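Student: Could you take me through one part of this structure closely? I would like to see how its rings, its neighbouring residues and its strands are placed.

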Amino acid sequence: MGHEILNTSRFGTKLRGQTPPGNDETCSKPDGSRVGVRKVPVRSEAISGQCGTPVTRVLLLHGGQIPHYRVPVYNHLSHYLGERSFALTVTSEQIQPGNPTPVEFEFVPMHLSAGSIARLAWRGKCDVVISFVGLRQLYLFPVYLAVKGILRRRMVWWGQGRDLAHPDAILKNAAYTTEHALSDAIILYAEHLRKYVARRFHHKIFIANNTLALTYPGLPPGSKDKVLRSFNICTRKNIICMGRFQKRKRVDRLVAAMQLMNRPDIGLILVGPDTEGVLVNVHGPNIYKLGPIYDKHRFDLLSAADVYCLPGAVGLSIVDAFHCGLPFVTEEGDESAEIAYLKHGENGFVVPRGDVKELARSLLLLLDNDDLRARFSDAARKEVGVNASIEQLCEGFVGALRYATNP
């Protein structure tokens, strides 16, 4: 079973073994390791915001573990909501081991079940619960019954509308539609995903473009070559692909395009864990397999490259790439929330699926035309600064929460 819940904190919850509120508290994962130290103030039962405005208490259910890239997002979201009279608490099984970011949001790690979640919602007197939980979690619908049906709390659903890898799965879609019907508001990853929600629910949709909370300031002028040398990269022009390497990302097409170009001045930088062995047989004098690289070093390397290419399964990597000013090249055929950031012919290219020649041609066009690459780079930074800003994500949450609590 999970941790025992004690009635001591603002949400009426605290894990056994944590220090009393008002001290420096170390948020512990279930395995006992630390995820960050922060000051937890003593809070009264009645909370009010600025100028005495009553605070709406929000509980965000994050199914499974919180990946490290979500921690800065939740930090920012917590602060943003706090300034608008919403008090955020996040609960999940744990935070991904090795998380480098201090946890600044109210975090309750616990074994998630319908019972533990209902007790947390009841003791904390929360007003609204945000569900960020996959269909595979058996407690999902019992939570709706307990929280919305019995406790009469508001529920907000957050996601992509349906499983984009299997958009026509009948049973899954029926389950998603049921969630949408039960929810008081719906937060979608992107505007174009609205089509996956039944029209009768469109009035309660709010868009929070899926993004990251990035603060990387960029490389100092003149340091690009130094960064490349530090990784033993000696090619003058470089394509980079960064992330968890999986078959669905079709990196083999990128390698084939690289071989087709056959240019000694062009390098291919591959960064990230090879979880499915897709790089085992990838070799070449201008191919650099660097493995996982984290923190500032990965952004330095991104900024030192020239073009980002990911043929399949575009996700949040496009936000990293655009933040560092890299044009993005991919294949058509996969739908994702984040593909909305890519504007063909403006900040990147979308080539026909499986067309290695066109993939190579598009990459060469960007690598060899400095003026074109510079224009695409400027457009990429502008896109991520406007449409992928963390403030846009937060504002989508505010809109959904205000609608759910004042229908």
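Tutor: Happily; here is a walk from the aromatic rings to a charged neighbour, then to a serine and a strand.

A word on the basis first: this is a predicted model, in which local features need pLDDT of at least 70, side-chain atom pairs count only at pLDDT 80 or more, and totals for chains, interfaces and linings use all residues. Residues are numbered from 1 along each chain as its sequence is written, and side-chain values use heavy atoms, with hydrogens and water left out.

Let us start with the rings. The structure holds 14 aromatic pairs, where rings of Phe, Tyr and Trp (its six-membered ring) pair if their centres lie within 6.5 Å; planes under 30 degrees apart count as stacked, over 60 as edge-to-face and the rest as tilted. One of them joins Tyr74 and Phe105: the ring centres are 5.7 Å apart and the planes stand at 90°, so this pair is edge-to-face. Tyr74 belongs to helix H1 (residues 70-82), while Phe105 sits in the loop between strand E6 (94-95) and strand E7 (106-109), so the pair ties together parts that are 31 residues apart in sequence. Helices (H or I, at least four residues) and strands (E, at least two) are DSSP runs, numbered from the N terminus. Both Tyr74 and Phe105 are buried, meaning under 20% relative accessible area, with exposed over 50% and partly exposed in between (1.4 Å probe, protein chains only). The two also belong to one aromatic cluster, formed by Tyr74, Phe105, Phe107, Phe132, Trp158, Tyr189 and Phe397.

Now for the charged neighbour. Arg84 is in the loop between H1 and strand E5 (86-92), and at 27% relative accessibility it counts as partly exposed. Its charged end sits over the ring of Tyr80, 3.6 Å from the centre; the criterion is NZ of Lys or CZ of Arg within 6 Å of the ring centre and within 35 degrees of the ring normal. The side chain of Arg84 also reaches the backbone oxygen of Tyr80 at 3.0 Å, a polar contact (a pair of N or O atoms within 3.5 Å; within protein, one must be able to donate a hydrogen and the other to accept it, and residues adjacent in sequence count only if both atoms are side-chain atoms). Leaving aside residues up to four places away in sequence, Arg84 touches Glu395, Val398 and Arg402, contact being heavy atoms within 4.5 Å.

Next comes Ser116, in helix H2 (residues 114-123). At 5% relative accessibility, Ser116 counts as buried. Its side chain reaches the backbone nitrogen of Ser113 at 3.0 Å, and Ser116 touches Met110 and His111, again not counting residues up to four places away in sequence.

Finally, look at strand E13 (residues 266-271). Six of its six residues are buried, so E13 is largely enclosed by the rest of the structure. Ile266, Leu268 and Leu270 point one way, and Gly267, Ile269 and Val271 the other way. Strand E12 (residues 237-242) pairs with E13 in the parallel sense over six bridges; strands pair if DSSP finds at least two bridges between them. Leu270 is the bridge partner of Cys241. E13 also pairs in the parallel sense with strand E14 (residues 287-291), over four bridges, and there Ile269 stands opposite Tyr288.
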